[in-house]
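Me: I have a structure open and would like to learn how to read its features one by one. Could you walk me through them?

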Amino acid sequence: MAETPFTQLQVIIGPNPPARLDKALARDVPEQAALSRSRLMRMIADGAVRRDGAVLDSPRAQVAEGDVLVLHVVHGAEVETVAQDITLDVRFEDDDLIVINKPAGMVVHPAPGSPDQTLVNALLHHCGDSLSGVGGEKRPGIVHRIDKDTSGLLVVAKTDRAHHGLAAQFERHSVNRRYLALVYGCPDAGDPRLRGARGVSFESANIMKITSQLARHRTDRQRQAVVWSGGRHAVTRARVLQSFGAPSQLALVECWLETGRTHQIRVHMTHAGHALVGDPVYGGGRRKLSPKALPDAAIAACAGFGRQALHAATLGFVHPVTGDALEFAAPLPDDFATLLDVLQSSSNDTTR
């Protein structure tokens, strides 16, 4: 079998370096090489970093100013994930990245239980030879995900330089991600229950802010849970766009993320007592609506909605190569739009 082609990259450690190899490389590798910290760690573990011909395979290896390190950077190797001809709603594409409006029901990345028919399978077919290699493999660079049954926008890197630049923006929380969600109840600063809820506060214009840590649920590993220590910091903001019912039974809210954790909006809104309509995991599928406040058609429409009512509607970021500010918007998918039409036409709604 032919060897996978690679390039030798020489890195000279600059003045006052961090003592550890991994940190020194992260600082001194040229930006144009587009090698992320995680990829550098993999290269160290794979024996792809040498000094004077000796392999440095520990991230804690000591380095000094003037050390000359040689990195063996593997070019894009073919991956085993199969390319599949699946229609994609492409909102933007160039040589470095692609923005997709993902339909509900599509998994982003192959995993046990979902080995194919995923967004990655579709992208491998769609992009073909335009994938120059991400992380040493010819694959799309997934820098963020949305749940299988959440619809909407996500950006995917086609090159290592785009992957590195996008990942840095997500790490800095500078990406604008706004979601539309239909929730039970109507978040309001005047609600005494919310005033006493830990981690819930209100900012001006009745914007609800939820701050907590998130971690895997202690007994159900498929769920996330709000915790106050030992988890990952998470902040969600939400404002009501429209409420439905008299008194209010439902609200269309806009949510935006300061952080991006697994199931973050779903967990946080449930914690605040405003679970998403149709959410089978966090309780939104079991809530009852008052027939005195909403007509039967609206109640039936909500009961029949078969997924969490969540849509990634807006995505904004700086192009990691050109520096252009980009922002995209995706309309609600048919099922969500139809549900809102029923609510708006059959209920006594109040616009905020």
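Me: Let's begin with charge pairs. How many salt bridges does a search of the whole structure find?

Reply: Side chains of opposite charge can pair when their charged atoms come close. This is a predicted model, and a search through all of it turns up 14 salt bridges. One of them joins the side chains of R266 and D147, with N and O 2.9 Å apart. R266 belongs to helix α6 and D147 to the loop between β7 (141–142) and β8 (151–157), so this pair ties together parts that lie 119 residues apart in sequence.

Me: Is R266 buried or exposed?

Reply: The cut-off to keep in mind is that buried means under 20% relative accessible area. R266 has 4%, so R266 counts as buried. There is also a network to look at: salt bridges with shared partners join D147, R266 and D279.

Me: Which residue forms a salt bridge with E254?

Reply: That partner is R178, and the closest N and O atoms of the two are 3.4 Å apart. Here again distant parts of the chain are linked, as E254 sits in strand β14 and R178 in strand β9, 76 residues apart. The two ends differ in cover: E254 is buried at 13% relative accessibility, while R178 is partly exposed at 24%. For another case, try R193 and D191, whose side chains meet at 3.5 Å, N to O. R193 is partly exposed with a relative accessible area of 40%, and D191 is partly exposed as well, with 21%.

Me: R266 took us to helix α6. How many residues of α6 are buried?

Reply: To read a helix, ask how much of it is covered and what covers it. Helix α6 runs over residues 264–271, and six of its eight residues are buried. They are Q264, I265, R266, V267, H268 and M269.

Me: Which elements do the buried residues of α6 pack against?

Reply: They pack against strands β9 (176–184), β11 (207–216), β12 (224–227), β13 (232–244), β14 (250–257) and β15 (310–318). The E254–R178 pair joins two of these elements, β14 and β9.

Me: Now the backbone. Where should I look for positive phi values?

Reply: Go through the torsions and check which residue type takes each one. Just after α6, G273 has a positive phi of about 85°. Two cases in residues other than glycine are N16, with phi near 50°, and H263, with phi near 60°. N16 is in the loop between β1 (6–12) and α1 (21–28), whereas H263 is in the loop between β14 and α6. Their surroundings are worth setting side by side: N16 is exposed, with 69% relative accessible area, and H263 counts as buried at 16%.

Me: Which residues does a cis peptide bond join?

Reply: For this one, turn to omega. The bond between A246 and P247 is cis, with omega about 0°. P247 lies in the loop between β13 and β14.

Me: On to empty space. How much of it lies in the largest pocket?

Reply: Start with the volume, then go to the lining. The largest pocket holds about 1500 Å³. Its lining has 40 residues, and the closest to the centre are R145, D147, R261, T262 and H263. So D147 of the R266 salt bridge and the positive-phi residue H263 both come up again here. Elements giving two or more residues to this lining are α4 (160–172), β9, β11 and α6. By class, the lining divides into 17 nonpolar, 12 polar and 11 charged residues.

Me: How many cavities of 30 Å³ or more are there?

Reply: The count is one, and the space inside is about 40 Å³. Its lining consists of H144, L153, R177, R178, Y179, A312, T314 and L315. The elements that give two or more residues to that lining are β9 and β15. Four of the lining residues are nonpolar, two polar and two charged.

Me: And what does the whole protein look like in numbers?

Reply: Take the overall counts together. The protein has eight helices and 17 strands, and 47% of its 352 residues count as buried. Its C-alpha trace spans about 80 × 45 × 40 Å along the principal axes.

Notes. Residues are numbered from 1 along each chain as its sequence is written. This is a predicted model: local features need pLDDT of at least 70, side-chain atom pairs count only at pLDDT 80 or more; totals for chains, interfaces and linings use all residues. Side-chain values use heavy atoms; hydrogens and water are left out. Buried means under 20% relative accessible area, exposed over 50%, partly exposed in between (1.4 Å probe, protein chains only). Helices (H or I, at least four residues) and strands (E, at least two) are DSSP runs, numbered from the N terminus. Contact means heavy atoms within 4.5 Å. On a 1 Å grid over the protein atoms alone, a cavity is a set of points where a 1.4 Å probe fits but cannot get out, and a pocket is an open set with protein on both sides within 12 Å along at least five of seven lines; lining residues have an atom within 4 Å of a point. Grid points are joined across faces, edges and corners, and a volume is the space filled by probe spheres set on the points. Ala, Val, Leu, Ile, Met, Phe, Trp, Tyr, Cys and Pro count as nonpolar, Asp, Glu, Lys and Arg as charged, and the others, Gly among them, as polar. A salt bridge is a side-chain nitrogen of Lys or Arg within 4 Å of a carboxyl oxygen of Asp or Glu.
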